[in-house]
Amino acid sequence: ANQERDVIRRFEKMSTYIDNLFKVNENYTVIRVDLSYSKEVHVEFDTIKSDWNRLYTNMRHNQLFKGLEGYIYKIEHGMDKGLHIHWLLFFDTVQCKFDDALLAQKLGEYWQFDIASRQGQYWNCHGRDQKKNYSDLGILAIGQVTKTDEPQRKNLLNIVRYFCKRRQFIKPRDNPKARLIESGLLSVDG
């Protein structure tokens, strides 16, 4: 029962965060990228958290992140990927320098080569076929998303619901209180 309450609480917090983002800006380029490591590499929680912290620190100075107004990330463990990060980013469409597919690729490559020292891998959810498939299924929530586009806003919440799911939630032995799902940037964090 406590775990179910935690899932609901996390989902409500992240939903409110997205609502607050759209109060600040009506148009976002929404990026979804999954970050992981090659299967040959055994990664402990401290490593992925350290890599995430380095990525976070570099956001302020790297032009790739120009126009980034918010993000949500979740660290989880899967049988195939091991430890990995689901990452949802909200860029001000006016300030964003790239189209969504190229930006997602550049962010993935930045993780792969610069942050994870060539041991990283990523999944770009923005490939043309991938986005067409999402659109055909009525679940598209990436690329250009506006405040008034209710279907895409609803689909965004489905992504967040997936991030908040109980399955694959981990409790690191060395740091059981570690935050595994967070949002950040802007003054809407409250």
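**Exercise 1. The contact of α1 with α5**

Task: Find which residues of α1 meet which residues of α5 in this predicted model, and describe how the two helices cross.

Solution:
- Step 1. List the α1 side: V7, R10, F11, M14, S15, I18, D19 and F22.
- Step 2. List the α5 side. These α1 residues meet R153, L156, L157, V160, R161 and C164.
- Step 3. Sort the contact by class. Nine residues are nonpolar, one is polar and four are charged.
- Step 4. Choose the descriptors. Two packed helices are described by the angle between their axes and the distance between the axes.
- Step 5. Apply them. Helix α1 spans residues 2–24 and helix α5 spans residues 150–164. Their axes come within 9 Å and cross at roughly 145°.
- Step 6. Add the hand. The crossing of α1 past α5 is right-handed.

**Exercise 2. The chain as a whole**

Task: Give the order of helices and strands in the protein chain, then describe its burial, contacts and surface.

Solution:
- Step 1. Count the elements. The protein chain has five helices and six strands.
- Step 2. Read from the N terminus. The order is α-β-α-β-β-α-β-α-β-α-β.
- Step 3. Check burial. The chain has 190 residues, and 48% of them count as buried.
- Step 4. Look at the contacts with a separation of 6 or more. Residues 24 or more positions apart account for 70% of these.
- Step 5. Turn to the surface. About 10500 Å² is exposed, with 48% of it supplied by carbon and sulfur atoms.

**Exercise 3. Cysteines**

Task: How many disulfides does the structure hold, and are C96 and C125 buried or exposed?

Solution:
- Step 1. Recall the bond. A disulfide is a covalent bond between the sulfur atoms of two cysteines.
- Step 2. Give the count. The structure holds zero disulfides.
- Step 3. Set the cut-off. Buried means under 20% relative accessible area.
- Step 4. Test C96. Its relative accessibility is 13%, so C96 counts as buried.
- Step 5. Test C125. Its relative accessibility is 3%, so C125 counts as buried too.

**Exercise 4. The surroundings of W123**

Task: Where is W123 found, how is it classed by accessible area, and which residues is it in contact with?

Solution:
- Step 1. Place the residue. W123 lies in strand β4, residues 120–124.
- Step 2. Set the range. Partly exposed lies between the 20% and 50% cut-offs.
- Step 3. Class it. W123 has a relative accessible area of 45%, so it is partly exposed.
- Step 4. Set aside neighbours within four places in sequence. W123 is then in contact with R32, V33, D34 and Q130.
- Step 5. Take D34 from that list. W123 and D34 are 89 residues apart in sequence, yet 5.0 Å apart in space, C-alpha to C-alpha.

Conventions:
Residues numbered from 1 in each chain as written. Predicted model: local features only at pLDDT ≥ 70, side-chain atom pairs only at ≥ 80, totals over all residues. Heavy atoms only, no water. Helix = DSSP H or I, 4+ residues; strand = E, 2+ residues; numbered from the N terminus. Buried < 20%, exposed > 50% of the residue type's maximum accessible area, 1.4 Å probe, protein only. Contact = heavy atoms within 4.5 Å. Areas by Shrake-Rupley, 256 points an atom, 1.4 Å probe, with all protein chains shown as cover. Axes fitted to C-alpha atoms, helices over the stretch in contact; angles between N-to-C directions. Left-handed = near helix turned anticlockwise from the far one by under 90°. Nonpolar A, V, L, I, M, F, W, Y, C, P; charged D, E, K, R; others polar. Disulfide = S-S within 2.5 Å.
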